[in-house]
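Here are some reading notes for a colleague opening this model for the first time. Please keep the structure in view while going through the points.

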Amino acid sequence: MENTAPADTFFTRRLAQKGQPLIIAGPCSAESEEQVLTVARALKAAGQADMYRAGIWKPRTKPGGFEGRGAAALPWLQAARAETGLPMAIEVATPKHVEDALRHGIDVLWIGARTTVNPFAVQELADALAGTGTPVMVKNPVNPDLALWAGALERLERAGITDLAAIHRGFSTFAPSRYRNAPTWAIPIELKTRYPQLPLINDPSHIGGARDLLLPIAQKALDLDYDGLIIETHPDPDHALSDAAQQVTPARLQELLSELKYRYRSSDNADYRNKAEELRQKMDTADHEILEMLARRMALIQELAEYKKENNVKILQLERWQEIFKTRPEWGRKLNIDEKFVGELYKLIHIESIRQQTQVLNGRPIDGPTHLGPGL
Ligand code: PEP
Ligand code: MN
């Protein structure tokens, strides 16, 4: 994707007009005309939503669940749009979905997490969308793979779809977790770093999977400079036909939005600027010191490796490293540094140490620096 592309799109224009994160709200699934309209009216009255979302075709992990009302629900969204003026967004997974949606005047389409994983499916959607000028939001794939996410966006862009946004909805994990889908914030942050012009929307409903997690997740997203939130909203969440545990009423949504702290990107306040600049300069100095210390440690590693070579001693000294992994987090804790962080840091140092020692003993590097690959 072009990361220098001009930022004048459906999403960026709305963002510029609003000067605040976009709010997309609506039920997980469109269940009935009455439900669709009830939520749309409540959102309109509260005046905080910029776009309406509803699932028409629901990709379910197992067969037998509620799979959505299908094309029969499209006129309900048309009616909600006509009455409230809210732009309508739905999920599409096949070219037929695209055709039906556009025929019913749906404004924005999104590609769901289970579709983003499949380049064939994404390409078919891109081909179906080519020349339509439809704004499209691309959810992250279910697996934590930045390249697939970016690849899907690129396929659309190459088909001439340039009104794009990304939705971060979290990633499946096998291990039990407090989240329904682990946020793994490093991935959307990397996407944002690569494509600073691309609006990034957070989906706390599907990350959290539970109402009480919406606020902390949404707050974190705003603090990470996301451009919007998509939050599932249902008139009677407990009886929703899909994703009951994570949906909130429009009234609760309003409360939630007022509980969020909207912070500034920066500040013009001269005191703030001076103090921040001073602290950053001190951090620059601290970083120089950290790197000088690391260089000192690396030199010691080299010296030890030469000595091991002379004495024909193996690289991996398990007991030594077990001792390091035990003591360093503890030393860190005494200095008020998070133990897990120190553990991760020493894992990286260990990998680099092994790489350097391998080079000294055998003279041929297998991996690049700090590569977590199989060569370890
Ligand atoms: C949804 O938004 O209702 C949905 C199915 O989401 P995801 O593709 O993120 O699972
Ligand atoms: Mn849902």
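1. Start with a salt bridge. Lys-96 pairs with Asp-100, and their closest N and O atoms are 2.9 Å apart. Both residues sit in helix H4, four residues apart, or about one turn of the helix. Note that this is a predicted model.

2. How exposed are the two partners? Lys-96 is partly exposed, with a relative accessible area of 47%. Asp-100 has 6% relative accessibility and counts as buried, because the cut-off for buried is under 20%.

3. A second pair with this spacing is found in helix H7. The side chains of Arg-158 and Glu-154 form a salt bridge at 4.0 Å, N to O. They are four residues apart in H7, so about one helical turn separates them. Residues three or four places apart in an α-helix point the same way, because there are 3.6 residues a turn. Arg-158 is exposed at 73% relative accessibility. Glu-154 is partly exposed at 24%. Back in the earlier example, Lys-96, Asp-100 and Arg-103 are joined into one network by salt bridges that share partners.

4. Now a bridge across the sequence. Arg-81 meets Asp-107, with the closest N and O atoms 2.5 Å apart. Arg-81 lies in helix H3 and Asp-107 in the loop between helix H4 and strand S4, so the bridge ties together parts that are 26 residues apart in sequence. Arg-81 is partly exposed, at 33% relative accessible area. Asp-107 is buried, at 17%. The whole structure holds 24 salt bridges.

5. Look next at the manganese ion (ligand 2). Which residues bind it as protein donors? They are Cys-28 (SG), His-206 (NE2), Glu-232 (OE) and Asp-243 (OD), at 2.0 to 2.4 Å from the ion. Along the chain, the donors follow the spacing C-x177-H-x25-E-x10-D. Cys-28 and His-206 link distant parts of the chain, 178 residues apart. Cys-28 is in the loop between strand S1 and helix H2, while His-206 is in helix H9. Both Cys-28 and His-206 are buried.

6. Helix H8 (residues 186-194) has two faces worth checking. Its buried residues are Ile-187, Pro-188 and Leu-191. They span an arc of only 95 degrees around the axis, so they lie on the same side of H8. The face turned away from that side carries the exposed residues Ala-186 and Thr-193. Cover for the buried residues of H8 includes helix H7, strand S6 and strand S7.

7. Two buried residues deserve a look. Asp-203, in the loop between S7 and H9, has 1% relative accessibility. Beyond its sequence neighbours up to four places away, Asp-203 touches Lys-139, Ile-167, His-168, Arg-169 and Ile-230. Ser-353 lies in helix H14 and has a relative accessible area of 2%. With the same neighbours set aside, Ser-353 touches Ile-301 and Trp-321.

8. The surface has a nonpolar patch of about 380 Å², made by Leu-335, Ile-337, Phe-341 and Leu-345. Leu-335 is in the loop between helix H13 and helix H14. It is exposed, at 64% relative accessible area.

9. Finally, the whole chain. It has 14 helices and eight strands. Buried residues make up 45% of its 376 residues. Its C-alpha atoms fill a box of roughly 80 × 50 × 40 Å along the principal axes. The chain exposes about 20100 Å², with carbon and sulfur atoms supplying 54% of it.

Notes: Residues numbered from 1 in each chain as written. Chains lettered and ligands numbered in written order. Predicted model: local features only at pLDDT ≥ 70, side-chain atom pairs only at ≥ 80, totals over all residues. Heavy atoms only, no water. Patch = residues over 30% accessible without salt bridge, like charges linked within 9 Å, V, L, I, M, F, W, Y side chains within 5 Å. Areas by Shrake-Rupley, 256 points an atom, 1.4 Å probe, with all protein chains shown as cover. Buried < 20%, exposed > 50% of the residue type's maximum accessible area, 1.4 Å probe, protein only. Donors = N, O, S within 2.8 Å, 3.2 Å for Na, K, Ca; no water. Arc of directions from axis to C-beta. Contact = heavy atoms within 4.5 Å.
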